[in-house]
Amino acid sequence: DPAKGPESTQRSVIMLRRSSKNLRGSVVLEALQQRLADAGHVTLEVGYSDPEHAKQVLQTLPRFDACIVQNSFDIMPIDMIAAIRRKTDTVIVDGAWLVGTDIDAVGFEWGQSVEAAVMRLVGSGHDCIHYITTTSFFLANEMGLHRWRILRARPDLAPLLQPETRIEKLPPQDYEEAAVAALLDAIASGPDAQSRALVIWGIDDGVRFKKLLECAGISIPSDMSVILLGRTDLDQEAAGFFDVVGYSAADQSDGVYNRLIERWQNRKEPFGLRLLPMTERPGSSVRECKSQP
């Protein structure tokens with residue numbers, strides 16, 4: 001374990017997290033706290049409701065050896081970052097949403113996952129593929145949208161891939177309901193199709209999403225195939241049913257932990273973004289379609 005390496009000094013780490021019921025976030029933080037505690041370090045988890053609240057909380061704290069930041073996709077103003085830097089020299093961001101000159105980030109990008117999902121659906125004979133994600137800006141999501149648009153520009157895929165659908169929600173804030181409503185609108189305004197499919201980011205509760213689709217008259221996969229862009233090791237998302245393409249929460253916690261230890265051991269190493277490998281979880285939500293004559 002690198003934490004037991006040259007310096008085994010006990011260090012203090014604050015976990016600064018947005019107060020939201022984000023399952024992935026809590027799984028990652030719990031694993032990180034366990035790893036750090038096992039290595040003999042002290043952790044303090046601090047929740048905040050908005051950037052002003054975060055700054056107030058930080059003012060009351062002493063300096064610490066590192067801060068792991070998890071903001072659940074919300075905007076993080078420069079003055080909040082400055083408030084964190086006043087308290088520590090080491091900032092590790094959980095997720096590819098903030099990349100700075102003196103900040104390390106560990107995350108993923110949705111471009112590779114979008115392309116893998118599209119190729120799977122095209123290879124299965126689908127003739128109309130929708131893509132749903134959030135309007136909220138963060139780097140990983142923008143890379144997914146960028147890849148979707150590149151794929152749509154290809155002459156062989158242009159007839160199959162529909163314009164992306166973006167909804168003004170973030171999980172878990174009624175995201176599934178908004179996604180189903182947006183999907184129904186996209187189907188109503190889009191072309192007729194024999195074999196329809198959906199690639200969707202942001203589903204936290206697979207059982208709920210499947211029920212909402214069924215209530216809307218859509219049976220998966222007979223009426224429509226679905227691939228979730230998400231966490232392949234969180235059972236709540238896949239719900240024992242959905243095909244999932246994305247990354248694992250375990251890889252995320254390992255990546256953040258390892259980056260932190262490396263930074264402590266080598267202060268002069270360049271800062272930057274470390275991207276995690278894509279993983280896939282097979283399910284029952286994609287059907288093989290007979291190719292149309």
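## Close-up views of the predicted model

Tyr-131 is buried, because its relative accessible area is 0%. Here and below, buried means under 20% relative accessible area, exposed means over 50%, and partly exposed lies in between (1.4 Å probe, protein chains only).

A few notes before the views. This is a predicted model, in which local features need pLDDT of at least 70 and side-chain atom pairs count only at pLDDT 80 or more, while totals for chains, interfaces and linings use all residues. Residues are numbered from 1 along each chain as its sequence is written, and side-chain values use heavy atoms, with hydrogens and water left out.

**View 1. Aromatic pairs, with Tyr-131 and Trp-148 as the opening example.** Rings of Phe, Tyr and Trp (its six-membered ring) pair if their centres lie within 6.5 Å; planes under 30 degrees apart count as stacked, over 60 as edge-to-face and the rest as tilted. By this rule there are eight aromatic pairs. One of them joins Tyr-131 and Trp-148, a tilted pair with 5.0 Å from centre to centre and 35° between the planes. Its partners come from distant parts of the chain, 17 residues apart: Tyr-131 sits in strand β6 (residues 128-134) and Trp-148 in helix α5 (residues 139-152). Helices (H or I, at least four residues) and strands (E, at least two) are DSSP runs, numbered from the N terminus. Trp-148 is buried too, because its relative accessible area is 0%.

**View 2. The pair of Phe-209 and Phe-242.** These two rings are tilted, with centres 5.9 Å apart and planes at 35°. Again the pair links distant parts of the chain: Phe-209 belongs to helix α7, while Phe-242 lies 33 residues away in the loop between α8 (235-238) and β10 (243-247). Phe-209 counts as buried because its relative accessible area is 1%. Phe-242 is buried as well, because its relative accessibility is 1%. Elsewhere, ring pairs link Phe-108, Trp-110 and Tyr-247 into a cluster.

**View 3. Helix α6 packing with helix α7.** Where do these helices sit in the sequence, and at what angle do they pack? Helix α6 spans residues 175-189 and helix α7 spans residues 206-215; they pack at about 35°, with their axes 10 Å apart. Axes are lines fitted to C-alpha atoms, for helices over the stretch in contact, and angles run from 0 to 180 degrees between N-to-C directions. The crossing is right-handed (the near helix is turned clockwise from the far one by less than a right angle; anticlockwise would be left-handed). Glu-176, Glu-177, Ala-179, Val-180 and Leu-183 of α6 meet Arg-208, Phe-209, Leu-212 and Leu-213 of α7. By class, this contact has six nonpolar, no polar and three charged residues. Ala, Val, Leu, Ile, Met, Phe, Trp, Tyr, Cys and Pro count as nonpolar, Asp, Glu, Lys and Arg as charged, and the others, Gly among them, as polar.

**View 4. The surroundings of Leu-183 in helix α6.** Leu-183 is buried, because its relative accessibility is 1%. Contact means heavy atoms within 4.5 Å. Leaving aside neighbours within four places in sequence, Leu-183 is in contact with His-130, Ile-132, Leu-198, Leu-213, Ile-218 and Met-224. Leu-198 is 15 residues from Leu-183 along the chain, and their C-alpha atoms are separated by 8.6 Å.

**View 5. Backbone details at Pro-221 and Ala-239.** The peptide bond from Ile-220 to Pro-221 is cis, with omega near 0°. Pro-221 lies in the loop between α7 and β9 (224-231). Ala-239 has a positive phi of about 55°, although it is not a glycine. Ala-239 is found in the loop between α8 and β10, and it counts as partly exposed because its relative accessible area is 28%.

**View 6. Ser-12 in strand β1.** The strand covers residues 12-18. Ser-12 is partly exposed, because its relative accessibility is 25%. Neighbours within four places in sequence aside, Ser-12 is in contact with Val-42, Arg-63, Phe-64, Asp-65 and Ala-66.

**View 7. Cysteines and the disulfide count.** A disulfide is a pair of cysteine sulfur atoms within 2.5 Å. How many disulfides does that rule give? The count comes to zero. Cys-289 is in no disulfide, and the nearest cysteine sulfur, that of Cys-128, is 11 Å away. Is Cys-289 buried or exposed? Cys-289 is buried, because its relative accessibility is 11%. Cys-215, at 71% relative accessibility, counts as exposed.
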